[in-house]
Amino acid sequence: MHDGTLLAAVDLGSNSFRLEISRLDHGRLHRVQYLKETVRQGNGLDADGRLTDEAMRRGWDCLARFGERLAGFDRPQVRAVATQTLREAVNREVFIQRGAQLLGFPIDVISGPEEARLIYQGVAHLLLPSDERRLVIDIGGRSTELILGRQLAADTVASFPVGSVAWSQRFFPEGQFTAAAFDRAEVAAQAVLEEALEAYPRSAWDTAYGSSGTAGAVGDILTGMGGPAGLITRYGLDELRDRLIRARNADRLQLGALKEDRRPVIGGGVSVLRAVMRLLDIDQMTVAQGALRQGVIYDLLDREHPQTDLRAATVSMLGRRFGVDAAQGARVARVACALFGALLPPATAPDLRERMVRKLGWAAQLHEIGCLVSHSDSHKHGAYILDNTDAPGFALPELHRLAQLVLGQRGKLRKVEAELSDPIFLAMVVALRIAVALCHARRDPDLGGVALAPLPRGGGWALAVQPAWESTFPQSLHLLREEALCWQRTPWRLDVVSAARAALAR
């Protein structure tokens, strides 16, 4: 991306939706605009884990306004990410489908560990370069992320289902504050966070940073109460808790620095923050300027280049972890991407073509990831692994897409039938399946004798083979004909024909 390019991140949090727009300037980002709306989607989950109609409407209205501001942006310039509330919501696809239409861009639901990694990127990029060991804490509406890192590298990440909105609903209904309620809230938070003790000991970090809404709001309040600017101390938190108890109700709070959108969730935020600081033996915490949205924008920059795209490193890491034959994965990837490139319309934009080819290549590199479990039904085991693993850099929908490609690499196509309505996925699947067949001998196939192309009238593909190729590679030809039989049970055709006959047909 060139200097002057505008980049945007949309953060669909449990309490607020945020839009950050920055301009790229010599590798650094400078804020152009920041919009925030309090939508409290975290309050809109009913007892069955479904977002209520009202909660979805609040979110859609906000995304429509953000979408108007983002009109004119291209897809590589914008990324929207959703966090804990939409991770939990059983009807999230309903919200996401409509929300993406209103916003004008896809919405990625990210895992808790991926959210933590992006938070750290946002915090670290806005700090001065330092070799200090950092502990970053982000208390959101329905989750809390903990990260240990140094410089720009996050070493240990975790996400816990405890946050300001959830704890306010549970322990401070209608904004009522009592000492007993705070005690219960803090004990409950520590019970959830207790497993962090082993991974985040006091000896593992030099400086603690608080990111995002809760830390920023509490930091402002404590400064307004006479505390040091940009610093949260346990003493200050004790004093703030006492003030909340004396007020007895959120509506009666008289704190000049308390913003109205934070008033309904301040009790939950303070109780979780106190629990974290006590549990991890934190005496003071510095309020960080960076947050998830800045991390998303810096990650957008990294995704533009294969050399810096964390997802490529993650694919290699997963291959090593699960004992994948890297040479075979690379071989299938080369063949699949070559076949897929021939199926893309000539007018496909180069950057879009590159992104799609890269994703197909990742699926091909991991197509044998399930073999460590069992060679029998390895494609099913591989899909399960990808759908249920932590993969830095990947959003949950991206991982599911890879899982579906791995699942669809062989056997009946009915198992990925729902995905085949997407023409890009359809082309990826046929290219991957043919590549797996051509590479069956685990050596580089001769691609000079085969050519894949869409049928002139649509509805499938023709795979033309040279007569000399047919006689030289009879097993490959047999596998390709078996593949054609699989497609006969679908609305599409795969015709394996001699090149001479194909030329006559033209």
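**Exercise 1. Consider glutamate 20 and arginine 293, both of which are buried, and work out what joins them and which elements they link.**

Step 1. Buried here means under 20% relative accessible area, while exposed means over 50% and partly exposed lies in between (1.4 Å probe, protein chains only). The model is a predicted one, in which local features need pLDDT of at least 70 and side-chain atom pairs count only at pLDDT 80 or more, whereas totals for chains, interfaces and linings use all residues. Residues are numbered from 1 along each chain as its sequence is written, and side-chain values use heavy atoms, with hydrogens and water left out.

Step 2. The side chains of glutamate 20 and arginine 293 meet in a salt bridge of 2.9 Å, N to O, a salt bridge being a side-chain nitrogen of Lys or Arg within 4 Å of a carboxyl oxygen of Asp or Glu.

Step 3. Glutamate 20 lies in strand S2 and arginine 293 in helix H11, so this pair ties together parts that are 273 residues apart in sequence. Helices (H or I, at least four residues) and strands (E, at least two) are DSSP runs, numbered from the N terminus.

**Exercise 2. Describe the surroundings of strand S2 and find its pairing partners.**

Step 1. Strand S2 covers residues 16-25 and is mostly covered, since eight of its 10 residues are buried.

Step 2. Strand S1 (residues 6-12) pairs with S2 in the antiparallel sense over seven bridges, where pairing requires that DSSP finds at least two bridges between two strands. Three residues separate S1 and S2 in their hairpin, and aspartate 11 stands opposite arginine 18 in S2.

Step 3. S2 also pairs in the antiparallel sense with strand S3 (residues 28-38), over 10 bridges. Glutamate 20 has tyrosine 34 in S3 as its bridge partner. The hairpin of S2 and S3 has two residues between the strands, and in it histidine 26 takes a positive phi near 55°.

**Exercise 3. Check whether the length of helix H11 agrees or disagrees with expectation, and decide how enclosed the helix is.**

Step 1. The expected span of a helix is 1.5 Å times one less than its number of residues. For the 12 residues of H11 (residues 292-303) this gives 16 Å, and the end C-alpha atoms are 16 Å apart, which agrees.

Step 2. Because 11 of the 12 residues of H11 are buried, the helix is largely enclosed by the rest of the structure. Among the buried residues are Leu292, Val296, Ile297 and Tyr298.

**Exercise 4. Establish how many disulfides the structure has, and explain why cysteine 439 and cysteine 486 form no bond.**

Step 1. A disulfide is a pair of cysteine sulfur atoms within 2.5 Å, and a search of the whole structure finds zero of them.

Step 2. For cysteine 439 the closest cysteine sulfur belongs to cysteine 337 and is 11 Å away, too far for a bond. Cysteine 439 itself is buried, at 0% relative accessibility.

Step 3. For cysteine 486 the closest cysteine sulfur is that of cysteine 439, at 17 Å, which is again too far for a bond.

**Exercise 5. Lay out the open sheet of three strands, then place the helices H13 and H19 against it.**

Step 1. The strand order is S12-S13-S14, with mixed pairing. Strand S12 (450-454) and strand S14 (493-498) are the edge strands, each pairing on one side only.

Step 2. Strand S13 (residues 460-465) and S14 run parallel and are joined by six bridges, with valine 465 opposite serine 498 in S14.

Step 3. Helix H13 (residues 326-343) packs on the sheet and touches S12 and S13, its direction making about 40° with that of S12; contact means heavy atoms within 4.5 Å. Axes are lines fitted to C-alpha atoms, for helices over the stretch in contact, and angles run from 0 to 180 degrees between N-to-C directions. Helix H19 (residues 474-487) lies across S13 and S14, running at about 150° to S14.

**Exercise 6. Find the salt-bridge partner of aspartate 325 and state what the pair connects.**

Step 1. Among the 39 salt bridges of the structure, aspartate 325 forms one with arginine 442, the closest N and O atoms being 3.1 Å apart.

Step 2. Aspartate 325 lies in the loop between helix H12 (310-321) and H13, and arginine 442 in the loop between helix H17 (423-438) and S12, so the pair ties together parts that are 117 residues apart in sequence.

Step 3. Aspartate 325 is partly exposed at 32% relative accessibility, and arginine 442 is partly exposed at 39%.
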